[in-house]
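Here is a short briefing on one protein chain. Look at the structure first, then work through the points below.

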Amino acid sequence: MCKAVKLCAGLAFTSLLLACAASAATIARLSLDEMTGRSELIISGEISSSFTAWDAGHKYIWTHYIVTVENTVKGAAGRSVEIAEPGGVAEGVAMTVGGATGYVKGEHVLIFLDRMPNGYLRTAGLGQGKYGIDNRGRLHGVALKDADVVNTGASNGQTARGIDGLTVAEATEHIAARIRATTKGVR
């Protein structure tokens, strides 16, 4: 690759990173109902592996995580589910996206997952859709900086953080009750 092409590619990539960082500066705080309603899948399980790869157009790098599913709260999940978050390192190129949610092999989580236009499942509401599960089976939401999350008034005071501290079983029943309430009468 000639130096001019490498320079142009580097400048384009830098511009993309700056744009992503700027666009991820603030996000709307989602209520539990909003998070539940927009999620295609809500599952709990263990992160069993991960890998990074370019997307089909070789434009963006994604880190893919395989979740061994222990419980499905919403949707139809198999024994494992592949989720993807933007960013990572592939072929010696690093890409960072502000607000992307990371996972660690062996981590136990309850996660709300949205389907992206590219077909990938991604954590809903950026970090708002990820809950770590401690060794007592209790949920702990990802800490988001208050400056990064803004209340839009749509949540009526009931944020998704309302399930923090609950056991997985308690949270599952709470979420399932919300799903039943919103689909009651819909056939």
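How many aromatic pairs does the count come to? The count comes to three aromatic pairs. Two of them are described further down, after the overall layout. Keep in mind that this is a predicted model.

**Overall layout**

- The protein has three helices and eleven strands.
- Its pattern along the sequence is α-β-α-β-β-β-β-β-β-β-β-β-β-α.
- The protein has 187 residues, and 38% of them are buried.
- About 10,200 Å² of the protein is exposed. Carbon and sulfur atoms supply 57% of that area.
- Take the contacts between residues at least 6 apart in sequence: 62% of these join residues at least 24 apart.

**Strand β9 and its partners**

- In a regular strand, side chains alternate between the two faces of the sheet.
- Strand β9 covers residues 130-133. Lys130 and Gly132 point one way, while Tyr131 and Ile133 point the other way. All four are buried.
- On one pairing, β9 is joined to strand β7 (residues 108-115) by three bridges, and the two run antiparallel. Here isoleucine 111 stands opposite lysine 130.
- Strand β10 (residues 139-141) is also joined to β9 by three bridges, again antiparallel. In this pairing glycine 132 stands opposite histidine 140.
- β9 and β10 form a hairpin with five residues between the strands. Glycine 137 takes a positive phi near 85 degrees in this hairpin.

**Nonpolar cores**

- The largest nonpolar core holds 16 residues. The residues with the most contacts inside it are Ile42, Leu110, Phe112, Tyr131, Leu139, Ile163 and Ile175.
- Four elements give two or more residues to this core: α2 (32-38), β7, β9 and α3 (168-183).
- Helix α3 gives the largest share of this core, four residues.
- Another core lies apart from this one and has 13 residues. Among them are Ile47, Val81, Ile83 and Ile111.
- Tyr131 of β9 thus appears twice in this briefing: its side chain points the other way from Lys130, and it is among the residues with the most contacts inside the largest core.

**Salt bridges**

- Side chains of opposite charge can pair when their charged atoms come close.
- The structure holds eight salt bridges. Three of them follow.
- Arginine 38 and aspartate 114 meet through their side chains, at 3.3 Å from N to O. This pair links distant parts of the chain, with arginine 38 in helix α2 and aspartate 114 in strand β7, 76 residues apart.
- Is aspartate 114 buried or exposed? Aspartate 114 counts as buried because its relative accessibility is 7%, and the cut-off for buried is under 20%.
- Arginine 38 counts as partly exposed, because its relative accessibility is 43%.
- Lysine 130 and glutamate 107 form another salt bridge, at 3.0 Å from N to O. Lysine 130 lies in strand β9 and glutamate 107 in the loop between β6 (93-95) and β7, so the pair ties together parts that are 23 residues apart in sequence.
- Lysine 130 has 8% relative accessibility, so it counts as buried.
- Arginine 180 and glutamate 173 form a salt bridge at 2.7 Å, N to O. Arginine 180 is at 47% relative accessibility, so it counts as partly exposed. Glutamate 173 is at 44%, so it counts as partly exposed too.

**Aromatic pairs**

- The count comes to three such pairs. One of them is tryptophan 62 with tyrosine 120, an edge-to-face pair. Their centres are 5.0 Å apart, with 70 degrees between the planes.
- Where do these two sit along the chain? Tryptophan 62 is in strand β3 (residues 61-74), and tyrosine 120 is in the loop between β7 and β8 (121-123). They are 58 residues apart, and the pair links distant parts of the chain.
- Tryptophan 62 counts as buried because its relative accessibility is 9%.
- Tyrosine 65 and tyrosine 103 form an edge-to-face pair as well, at 5.1 Å centre to centre and 65 degrees between the planes.
- Tyrosine 65 lies in strand β3 and tyrosine 103 in the loop between β6 and β7, so the pair ties together parts that are 38 residues apart in sequence.
- Tyrosine 65 and tyrosine 103 are both buried.

Methods
Residues are numbered from 1 along each chain as its sequence is written. This is a predicted model: local features need pLDDT of at least 70, side-chain atom pairs count only at pLDDT 80 or more; totals for chains, interfaces and linings use all residues. Side-chain values use heavy atoms; hydrogens and water are left out. Buried means under 20% relative accessible area, exposed over 50%, partly exposed in between (1.4 Å probe, protein chains only). Contact means heavy atoms within 4.5 Å. Accessible areas come from the Shrake-Rupley method with a 1.4 Å probe; for residues, only the protein chains shown count as cover. Two strands pair if DSSP finds at least two bridges between them. A nonpolar core is a set of buried Ala, Val, Leu, Ile, Met, Phe, Trp, Tyr and Cys residues joined through side-chain atoms within 4.5 Å. A salt bridge is a side-chain nitrogen of Lys or Arg within 4 Å of a carboxyl oxygen of Asp or Glu. Rings of Phe, Tyr and Trp (its six-membered ring) pair if their centres lie within 6.5 Å; planes under 30 degrees apart count as stacked, over 60 as edge-to-face and the rest as tilted.
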